[in-house]
Amino acid sequence: MPTVKVFTLFKCSICGLIFDNEQGALECEEQGEYRPEFSVGDFVTTDTDDYGRFGWFDGDSDWVMKKPRGLHSDKQSFSLIYVVTAVEPRNHMAIYHLGTKAMTRKSGYRFGWTIFNSHYNLYAVDLTIALDQDGLLGVKTDQLI
Ligand SMILES: [Zn+2]
């Protein structure tokens with residue numbers, strides 16, 4: 001006669017992860033609901049530093065904020081402007097897919113995704129002119145930005 005055992009599992013009601021202990025599931029839920037801070041069509045940048053992340057770009061200069069490179073150089077650095085092309089929930093967080101026309105497809109860097117606190121955070125860019133977003137909105141990528 002076989003013997004059977006009963007296992008009790010606990011499920012996070014937000015993301016659906018299964019735990020073998022109640023504490024794990026409760027801690028998962030305490031991370032809170034998926035609440036995106038940005039929406040598709042918002043303009044953002046990945047840095048607010050004095051110097052930009054890029055030393056070059058090969059696309060549309062309207063999608064670039066020019067910044068100094070450093071105290072001892074007269075060269076420029078660049079912060080790219082991105083538009084949020086798609087937002088997806090992942091567990092308790094939002095994955096932001098971004099696109100920019102500052103970079104061409106040939107060089108890469110045109111699309112990428114990020115997730116807050118484990119990769120680049122995003123900061124709103126206040127634009128007085130609307131940039132041409134043709135071909136960007138709706139695109140999802142598996143490249144990290
Ligand atoms: Zn969860």
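**Group meeting: a sheet and its core**

Okay, let's start with one pair: His-97 has Trp-113, over in strand E8, as its bridge partner. Keep in mind that we're looking at a predicted model.

So what joins the two strands around that pair? His-97 lies in strand E7, residues 93-99, and five bridges join E7 to E8, with the two running antiparallel.

Now zoom out to the sheet. It's an open one with five strands, and if you walk across it you go E8, E7, E6, E3, E9, with antiparallel pairing. At the edges you've got E8, residues 111-115, and E9, residues 123-124, and each of those pairs on one side only.

Next, the core. The largest nonpolar core has 21 residues, and the ones touching the most other members are Val-64, Leu-80, Ile-81, Leu-98 and Ala-102. Who supplies it? At least two residues each come from E3 (43-45), E5 (73-80), E6 (82-90), E7 and E8. E6 gives the largest share, with three residues. As general background, nonpolar side chains in soluble globular proteins tend to be buried together.

Let me pick on Leu-98 for a second. Leaving out residues up to four places away in sequence, what does Leu-98 touch? Well, there's a run of Phe-111, Gly-112, Trp-113 and Thr-114, then Tyr-82, Val-84 and Thr-85, plus Val-44 and Ile-145. And yes, that's the Trp-113 that bridges to His-97.

Last bit, the overall layout. The chain is split into domain 1, residues 1-32, and domain 2, residues 35-145. Going by C-alpha atoms, the centres of domain 1 and domain 2 are 38 Å apart.

That's me done, over to you.

How values were computed. Residues are numbered from 1 along each chain as its sequence is written. This is a predicted model: local features need pLDDT of at least 70, side-chain atom pairs count only at pLDDT 80 or more; totals for chains, interfaces and linings use all residues. Two strands pair if DSSP finds at least two bridges between them. Helices (H or I, at least four residues) and strands (E, at least two) are DSSP runs, numbered from the N terminus. Domain bounds come from an automatic or database domain assignment. A nonpolar core is a set of buried Ala, Val, Leu, Ile, Met, Phe, Trp, Tyr and Cys residues joined through C-beta atoms within 7 Å. A residue is buried if 20 or more other C-beta atoms lie within 10 Å of its own, exposed if 12 or fewer, and partly exposed in between; C-beta atoms are placed from the backbone. Two residues are in contact if their C-beta atoms, placed from the backbone, lie within 7 Å.
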